[in-house]
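User: I would like to go through the terms used for this model and see how each one is justified. Please set each value against its cut-off before you conclude.

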Amino acid sequence: MKLYYSPGSCALGIHLLLEEVGAPFDLHRVNFAEREQYGEAFLGINPKAKVPALQRDDGTVLTEFQAIAVYLALTHPEKRLIPASVEGQARMLEAMDYIVGTIHGAGFRRLFRPAEFAAHEADHDAVKARGLEIVNAGFALIDKDLAGKDWAVGDFSLADAAIFYPSFWAAGRLNIPLPINLQAHYRRMRARPAVAQALKDEGL
Ligand SMILES: N[C@@H](CCC(=O)N[C@@H](CS)C(=O)NCC(=O)O)C(=O)O
C-alpha cells in the first residue's frame, strides 16, 4: 500500500493507524508548498486534491479519513480497532464524524485556509477567530467525553486516531491549549510506539 500524505496533516491519523496495524506501506509525500495536490499527477491519484489517499496493492485508491480508517480496521480485525458492541461502533463513528466534519472541516480549515471562507483579506482575521471558536467548542465536548477514560470508546479505537491529529495541530503547531482530559489523551497517544514512529517518519 502507499499513503499519500503531507507532513503533520490529517493524513497523520491514517499514518499512525498503518503503523498500528503493522501493514507494509510506503509513504509518498505530496508537496503542498509547491501545490502538488493540484498537479496532474496527484489529481490522477485523488481528483479531490486532498490527502490522505491510500493506494492499495491492486492500484485502487481510497480517500476520506473515516473510510480509510475503517478499511484498515476491517482488514486487520485482530487489531480490534473497532469496538465490539453496536453502541461502541456508533459512538466511534459519531466522534470521528464530528472531528473530521466540524473540528477539522469547519474549525481548523478556517484557521489554515481563511481565503476559502472570505474573498477579502480584511475579513480573514474574523474567519480565523470563528475557526478558533469552533475548535475550542469542539475540544470542550471531546474533553468532557474523555473524562475518567483513557480512550474515546472503550479500548483504543479509530476514534483515538481521529482525536489525535487535531490535538497535534493545536499542541504541536498552533499553540492552542488543550483542555485537561484531551491533553492527557494527547500524551497517551504520543506514548504509543506506532504514533512515535509515524511522527518520526514525517520528520515531526
Ligand atoms: N474530508 C477529507 C479532508 C481531507 C483534507 O482536508 N486534507 C487536507 C490536509 S489535512 C488537504 O489535503 N488539503 C490540501 C488542500 O486543501 O489543498 C478527509 O477526511 O480525508
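Analyst: The model is a predicted one, and a good place to begin is Glu-116, which has a relative accessible area of 46% and is therefore partly exposed, since that class lies between under 20% for buried and over 50% for exposed.

User: What makes the contact of Glu-116 and Arg-109 a salt bridge?

Analyst: The rule asks for a side-chain nitrogen of Lys or Arg within 4 Å of a carboxyl oxygen of Asp or Glu, and the side chains of Glu-116 and Arg-109 meet at 2.8 Å, N to O, so the pair satisfies the rule. Arg-109 has a relative accessibility of 19% and therefore counts as buried, the cut-off being under 20%.

User: Why is the pair of Asp-150 and Arg-188 called a salt bridge, and where do the two residues lie?

Analyst: The closest N and O atoms of Asp-150 and Arg-188 are 3.6 Å apart, and because the limit is 4 Å the pair is counted. It links distant parts of the chain, with Asp-150 in the loop between helix H5 (124–146) and helix H6 (158–174) and Arg-188 in helix H7 (residues 180–190), 38 residues apart. Asp-150, at 45% relative accessible area, is partly exposed, and Arg-188, at 25%, counts as partly exposed too.

User: How do you know that Glu-87 and Arg-91 are about one turn of the helix apart?

Analyst: Both residues lie in helix H4 (residues 86–112) and are 4 residues apart, about one turn of the helix. Their closest N and O atoms are 2.8 Å apart, and they form a salt bridge, while Glu-87, Arg-91 and Glu-94 are linked in a network of salt bridges. By the rule used here, the count comes to 7 salt bridges.

User: Why is Asn-46 called buried?

Analyst: Asn-46 has a relative accessible area of 2%, and because buried means under 20%, the term applies. Asn-46 is found in the loop between helix H2 (40–45) and strand E3 (53–55), and, leaving aside its neighbours within four places in sequence, it is in contact with Ala-53 and Thr-63.

User: What makes the radius of gyration of the chain agree with a compact globule?

Analyst: With 204 residues, a compact globule would have a radius of gyration near 17 Å, and the chain has 17 Å, so the two agree. Buried residues make up 47% of the 204 residues, and residues 24 or more positions apart account for 65% of the contacts with a separation of 6 or more.

Note on methods. Residues numbered from 1 in each chain as written. Predicted model: local features only at pLDDT ≥ 70, side-chain atom pairs only at ≥ 80, totals over all residues. Heavy atoms only, no water. Rg over C-alpha atoms; globule rule 2.2 N^0.38 Å. Buried < 20%, exposed > 50% of the residue type's maximum accessible area, 1.4 Å probe, protein only. Contact = heavy atoms within 4.5 Å.
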